[in-house]
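Here are some short exercises for getting to know a new structure. Keep the 3D view open and try each task before you read its solution.

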Amino acid sequence: MKLKKQVTVCGGAIFCVAVFSLYLMLDRVQHDPARRQSAGNFPRSQISVLQNRIEQLEQLLEENHQIISHIKDSVLELTDTGAISPSGHLPFRSANGSWVLPFDGRPTFLSVKPLDCQFALGRRSQTDLQMLDVYSLLNFDNVDGGVWKQGFEITYEPNEWDDEPLQVFVVPHSHNDPGWIKTFDKYYNDQTQHIFNNMVVKLAEDPRRKFIWSEISFFAKWWESADEHKQAAMRKAISVAPSGWFGIFNGCVTAGVIPRSGWAVDPFGHSATMPYLLKRANISSMLIQRVHYSIKKHFAATRSLEFMWRQAWDIESGTDMFCHMMPFYSYDVPHTCGPDPKICCQFDFKRLPGSRVNCPWKVPPRAITDANVAERAGVLLDQYRKKSKLFRSKVLLVPLGDDFRYDKALEWDQQYFNYQKLFDYMNSRPEMHVKAQFATLTDYFSAVYKAKGVAPGTRPPDYPVLSGDFFAYADREDHYWSGYYTSRPFYKNLDRVLESHLRGAEILYSLAVAHARRAGLEGRYPVSDYSLLTDARRNIGLFQHHDAITGTAKENVVIDYGNRLLRSLVGLKRVIINAAHFLVIKNKDIYRFYQTEPFLETDDRRTTQDSLPQRTLIELESTPRYLVLFNPVEQERLCVVTMLVNSARVRVLTEDGQTLPVQLSAQWVSAVEMSGEVYQVCLFVSICSSILNKGSLKTFTLVSSFRLLSWHTVDAQPLYIQSHDSFSPSLSFLHQSIRRKDDPQEVRVQIQFLTYGTRPSKDKSGAYLFLPDGNAKPYSQREAPIVRVVEGPLFAEVVAHYQHFQQTVRIHNVPGIDGLSLDITTMVDIRDQNNKELAMRLVTDIQSGDTFYTDLNGFQIQPRRYFQKLPLQANFYPMPTMAYIQDSQYRLTLHTAQALGVSSLASGQLEVILDRRLMQDDNRGLGQGLKDNKRTANRFRLLLERRSNSGKPVDSRPVSFPSLLSHMTSTILNHEVLALPVLPRKHGVPPMRTFAPLAGTLPCDFHLLNLRSIQSQDAYSPSPYTALLLHRLGLDCGLEAQNPGFNCSTTQGQLSISGLFRGLDLQLLQPMSLSLMHSQPPLSNDSSINLEPMEISAYKLKLC
């Protein structure tokens, strides 16, 4: 009877909701001003108006149908399980052994408009060069090309320039690594500051002299310490060509220098995301250098070294970026004047006899005199002409520099005086048909555009269009730079944690300052926290350097990077708790900030730069403790939040006094030992977008079950997981397989661990290179692993302890995103290994063939192909956030919280390198191996999705997109909820409130990249303006949609900013470039913005 009553009540509730929803829909159609206004776009006849309203009603009926279906399914799920609690409390175990959670009566729906799915299906513009096709075409045979070892012989006819002289632009530069062999500060003190000081003096001596600079981190440090006279001289002298995205922000605005060209001579391969970001920063041209030598040779042979780089997802040509690829081995002087390094080295005048640097080819440079200038000019011009034959214009770029060049005044004189004599001679001889000069990179690009008769950044008529990227990079033989994708994974993960904290801190700080200004409390708020944001921005930007995030710096430099990151992380946590304090206080009149008396504690702490985080212990006593939860994601999320407490009797209440479901588990000190004083509490909570939720902890008892097992096997088998269907509402993990509850078919997913060694002789693996000794070997150990199984109402997990790693696989028994994927954490410690690399391989029965997919910079997906003609190490690629394999029925995505190397060496496989310990240098200049390994937690999410049209062939186009669920899974993995305990206070905790910054929800295909306060003239204080950066996601709608646990809808890219922020008025809405250095005319404050799929846009706001 009791069950029937419950069903009757729920059925009545469904009927009431349906009737009330229909009433609201009719009311919205009649009274919604926006809808009346939109109807005005149709003809004014009554039939057109009626048709418009019918369409609106059909859409609302569809939304209502989804809501009712969700409620109905929830009721049926309760009745099917016989979910009747003996005591009336939830959660509880039902008769079939499954856990039943409190029924959340709030209806949710997923509504993606069909037009928002068309982008992934649409036709792409045709390109002349697609990098997957280029890889298929090339033999990668490394034939000796003569003086140009990796190329071919170049010839020309002497009269080719009679009608159009050769224009030669010699670009002096100095590549300064912001940390590599020395730390950033030591490089600056020993060398870089002297380059700047010499630059100011030497460039002023002759107006014909030019110089470019790319490392903005060094430039910002010099600028802030220079006096007004030096700054004024520098403004006249310098041309800035940023070498990285983060470099654009750190100093150029202050110096009044606007970069127009990109310069990337040392990154180890090039992502297709880079030209997009530069394009949206109003940079019109770029240069790259480190590209596989076989690709360079092919492009040189077809005169395709200059091309328009287009995004593979671009429907037309709006993302085209003019790109120059340097043709030869390196960016140093011997490899930039022409194909013969033996000759080019003779024109590096720093290597004149008596210098500590000489030419390896045993022919030194000679100073230019009246006696030898004719002969020397002829030799150099021959190299210039040969190099120019590789390009489609008679405009030639010749870089003149190397690492940390021009730090001595003598070199400035040696290079500029000798080259000017050569230029003067060439330019005064009409029969040589050449005009040579010092130039900037922008000077060169401008000359190319002029010669071709097109506007800057526009495609010259006969130049090819390219799509794709340039990974993996090899500089010679089979030496592929695919090892650094994983090198020092501890710091790759720390960087990701810091990025998430910076984004969260920027958002909270901007909102707190805006609300403080509106309330007239700006004087009370710690606005000076802006300096902590500036410090964190700079240190994250510094760590994006190609010898930092890559893990390819010396050990003492890595420690310096780590200390910088930890200092910034501590500072960002302070910004977050200070902003959260102000925003959650209910009565702002009593708000006071005291530096020595923080209101909140941080969620965790790190004792040193190389230690893992330890959660803050919440000590429970007789009085309640309060907890503030910060959701840094723009969407609502249903999630499990973990805390540590000192009591096994815990009860968690929401702000309105409702009890939250919790799971209490042991805190393990070791594989077999539990703590008797500390317990792990996991609570299931719903948190709105970018919200600060307040809850309280009280004493109550709820204990989960756990089992300690020993894995008794004779031979070391890989870890498999077996569980009951009840563990998750959406997934079941069977022996070696995954089965979704709504799908009777099982998908085999076997997790294997393997090891790679390195070659026994000659060249070996190191920080940069991956040179394995053959195929991977199964991981083995003598002792059987210890296996621990935990089962409770919120999650079930299996923890397996091996000698060199500990793997935890968790299945969440909760609705929403958390319950739709597997949570995998692999704690790796290989510090007792020599020349070993640990890999995790997923073996499935997905028929993926030779194709797999990896992301680029967390921004877009790049299809990959396994090539048997290439060595094993050439088939590994960077995986910043995800990789997947798929067939006509399923897609399996491995999401990651740290960048690692990934491959698919056979159909149905995904393989990730977890850590590398290598005892020797790989001869790329570092002079060390990788021996400073840390105990590292590698975190993943494994997502299995079924195709809605099973049996349909997989799209073979060179473009792919994650599903909406996959995007959300990546977001929650990389932006965790922060649990901030409120510190006890003598006079009690003042009243608090939940703070929800958004008046509504963003469309769920929008990602809030950042909401950051723009700096004032002082880099360490904010202006009244805020930058809003939005990314509209590209979606693959061909995978079955799952209920995310919150209302999710799309709007075809439309978003109104004026009413977006609750409690704040919008006084300025101005489109900006991504660098915030170029602005467009302001929009009216009530304007809606429109964002196309995949696009990133920036806006300057004034909120008050």
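**Exercise 1: lay out the sheet**

Task: work out the strand order of the open three-stranded sheet, and say which strands sit at its edges.

Solution: Start with the order, which reads 12-5-13, with parallel pairing in this open sheet of three strands. Next, look for strands that pair on one side only: these are strand 12 (395-403) and strand 13 (434-438), so they are the edge strands. Finally, check the twist, which averages 20 degrees from one strand to the next. Bear in mind that this is a predicted model.

**Exercise 2: zoom in on one pairing**

Task: find out how many bridges join strand 5 and strand 13, and which residue of strand 13 is the bridge partner of Q167.

Solution: Take strand 5, residues 166-175, and follow it alongside strand 13: five bridges link the two in the parallel sense. Then pick out Q167; its bridge partner in strand 13 is K435.

**Exercise 3: add the helices**

Task: describe how helix 13 and helix 14 meet the sheet.

Solution: Helix 13 (residues 373-388) lies across strand 5, strand 12 and strand 13, and runs at about 115 degrees to strand 12. Now turn to helix 14 (residues 409-427), which packs on the sheet and touches strand 5, strand 12 and strand 13. Its direction makes about 160 degrees with that of strand 13.

**Exercise 4: explore the core**

Task: what does Y384 touch, leaving aside neighbours within four places in sequence?

Solution: First, place Y384 in the largest nonpolar core, which has 214 residues; Y384 is among those touching the most other members. Then list its contacts, including L166, V168, L396, Y419 and F423. Last, look for a second, separate core of 22 residues, with V265 and L441 among them.

Note on methods:
Residues are numbered from 1 along each chain as its sequence is written. This is a predicted model: local features need pLDDT of at least 70, side-chain atom pairs count only at pLDDT 80 or more; totals for chains, interfaces and linings use all residues. Side-chain values use heavy atoms; hydrogens and water are left out. Helices (H or I, at least four residues) and strands (E, at least two) are DSSP runs, numbered from the N terminus. Axes are lines fitted to C-alpha atoms, for helices over the stretch in contact, and angles run from 0 to 180 degrees between N-to-C directions. Contact means heavy atoms within 4.5 Å. A nonpolar core is a set of buried Ala, Val, Leu, Ile, Met, Phe, Trp, Tyr and Cys residues joined through side-chain atoms within 4.5 Å. Buried means under 20% relative accessible area, exposed over 50%, partly exposed in between (1.4 Å probe, protein chains only).
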